[in-house]
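Student: Please take a close look at a single part of this structure, the packing of its helices, and then relate that part to its surroundings. I would like the cut-offs behind each term as you use it.

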Amino acid sequence: MTDIELSVQDLHVTLGQNPILKGVSLEVKRGEIVALLGPSGSGKTTLLRAIAGLELPAQGAIRIGEQTVFDQAAGVDVPAEKRSLGFVFQSYALWPHRTVFQNVAYGLKLRKVPADEIRTRVAEVLRDLGLGDLGQRHPHQLSGGQQQRVALARSLVYKPRVILLDEPLSNLDAKLREEARIWLRQLIIDLDLSAVCVTHDQAEAMAMADQVVLLREGLIEQAGTPQQLYGEPDSLFVAEFMGANNALAGRVASVSGTQAQLEGEGWSLQGRLRTPRGAGEAATGVIRLEKIRLVDAPGPNVLRIPLRASVYLGHAWEYLFDLGGTTLRGYGSEALPPGERLVEIPAEHLWLF
C-alpha cells in the first residue's frame, strides 16, 4: 500500500489561449504538508483548483490515494464533491445567515448523511478545533481566527484524505497569522492529514510546510524542504525569491572549482558558484542580509565601505551601506552613526549565478 496520498503527473492547464500550467508533477505523502509558493501569475492557485476539480486540465493525471480522479488520456474526470478532498477558500465563504453548526453541517446534509451522524460529526470537529461552545453563533459574531476555524471545520467534517488551503491565513492580522500558522500545522499533523497550501508568504510557507514547491510561469522552479530552498537555491530566481537578499552585479574574474572571484565597481569578492560561469562572464552574487558581518580588522572578503544609515526594525537594526553605488544591507543589534565600516561578506555565503 502506497503512502502517497496525492499524485499530480504532467499537469497542463490552459485558460482561453493562455497556458497557465505547463507540465507540473508533484507528490504529497501521508501526513505531509506541501506549500505552493510563487509570484502572482505563477499558477499556484490554478494548480490547487485543478486538484480540487474546479479547473479542467488539458493534459495530465491526478490520483488521490488509490483513486485516479483525473486522467485526460483515459477520459477520467471525477466531480469535485467525490474527490475525498477538503477545500478552505481564501474568503472562508461562510453562509452569513447560518450558525456555525449549520455552516459545518451543510455539506453533510446535501450528501444526505443521517441527522444523528451529522450532529455527532459536527460536534466532534468543532470540539477538535476549539469551537465547541460557539455552534449557535453566526459568522459576524466571530473573530477572524474563529471564522478561519469554522471554514476549516467545514472541510474536515467530511474526513477527507487531503485538505487544500488557498491563502488560509491572509485575512488575519500579522500577529494572529504567526500564531495561526503554527496552530494549523500542528492540527494537520495531529489529525494525520495531508495538506496542500497556497501562499504568497515565504515565511508562512517555511513555517508550515514539510515541502515547498516554488512555481514560476507555470513550471516548478525548485521543490524541496524549506531548508533546501532557503539554503541551497538552484537558481537566481529561487535565491532572490526566498529571504531578504543583497544582489551584486559583477563579472567573473577567475574560477577555481566551485569557487570564483566576482568583481564590480571598486570591489572584488570570492564566492561559491551555484550555476556554471566562466571567467569574463557576467554574474550576480546573492547574499542573505543576516550573513553580512561587521568586523574589526581587514581580511579575505572584507570591504571598507561607507555606512549611510541605520534603520530600527524592532527585532534588529538594519544597516544600509554604499557599495560602489549599490545599496548593501545587513543586520545588527545597535544603531551606528554613518561613516566608514569594515564589512565581511563570507565567501561560503555569497552565491554566484
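Tutor: Helix H2 passes helix H4 in a right-handed crossing (the near helix is turned clockwise from the far one by less than a right angle; anticlockwise would be left-handed). The model is a predicted one, in which local features need pLDDT of at least 70 and side-chain atom pairs count only at pLDDT 80 or more, while totals for chains, interfaces and linings use all residues. Residues are numbered from 1 along each chain as its sequence is written, and side-chain values use heavy atoms, with hydrogens and water left out.

H2 covers residues 100–110 and H4 residues 144–156, and their axes come within 8 Å and cross at roughly 30 degrees (axes are lines fitted to C-alpha atoms, for helices over the stretch in contact, and angles run from 0 to 180 degrees between N-to-C directions). The two helices are therefore roughly parallel to each other (under 35 degrees; over 145 is roughly antiparallel, 65 to 115 roughly perpendicular, and the rest oblique). On the H2 side, Val100, Asn103 and Val104 meet Val150, Ala153 and Arg154 of H4, where contact means heavy atoms within 4.5 Å. The residues of this contact divide into four nonpolar, one polar and one charged (Ala, Val, Leu, Ile, Met, Phe, Trp, Tyr, Cys and Pro are nonpolar, Asp, Glu, Lys and Arg charged, and the others, Gly among them, polar).

H2 also packs against helix H3, residues 115–128, at an angle of about 130 degrees and with the axes 10 Å apart. That angle makes H2 oblique to H3, and H2 passes H3, too, in a right-handed crossing. From H2 the contact takes Val100, Phe101, Val104, Ala105, Leu108 and Lys109, and from H3 it takes Ile118, Arg119, Arg121, Val122, Val125 and Leu126. By class, this contact of H2 with H3 has nine nonpolar, no polar and three charged residues.

H4 in turn leads to a sheet, lying across strands E7 and E8 and running at about 165 degrees to E7. These strands belong to an open sheet of six with mixed pairing, in the order E7-E8-E9-E3-E10-E11 (strands pair if DSSP finds at least two bridges between them). Its edge strands are E7 (85–88) and E11, each pairing on one side only, and neighbouring strands are turned by 15 degrees against each other on average, direction ignored. Within this sheet, E3 (residues 33–37) and E10 (residues 211–216) pair in the parallel sense over four bridges, and Leu37 stands opposite Leu214 in E10.

Helix H1, residues 44–52, lies across E3, E7, E8, E9 and E10, at about 145 degrees to E8, and H1 also lies across E1, E2 and E4, at about 115 degrees to E1. The latter strands are part of an open, antiparallel sheet of five in the order E2-E1-E4-E5-E6. There, E1 (residues 4–15) and E2 (residues 18–29) are joined by nine bridges, whereas E1 and E4 (residues 59–64) pair over five.

As to confidence (pLDDT, from 0 to 100 for each residue), the chain has a mean of 93, with 99% of its residues at 70 or more.

Conventions
pLDDT is the predictor's confidence in each residue, from 0 to 100.
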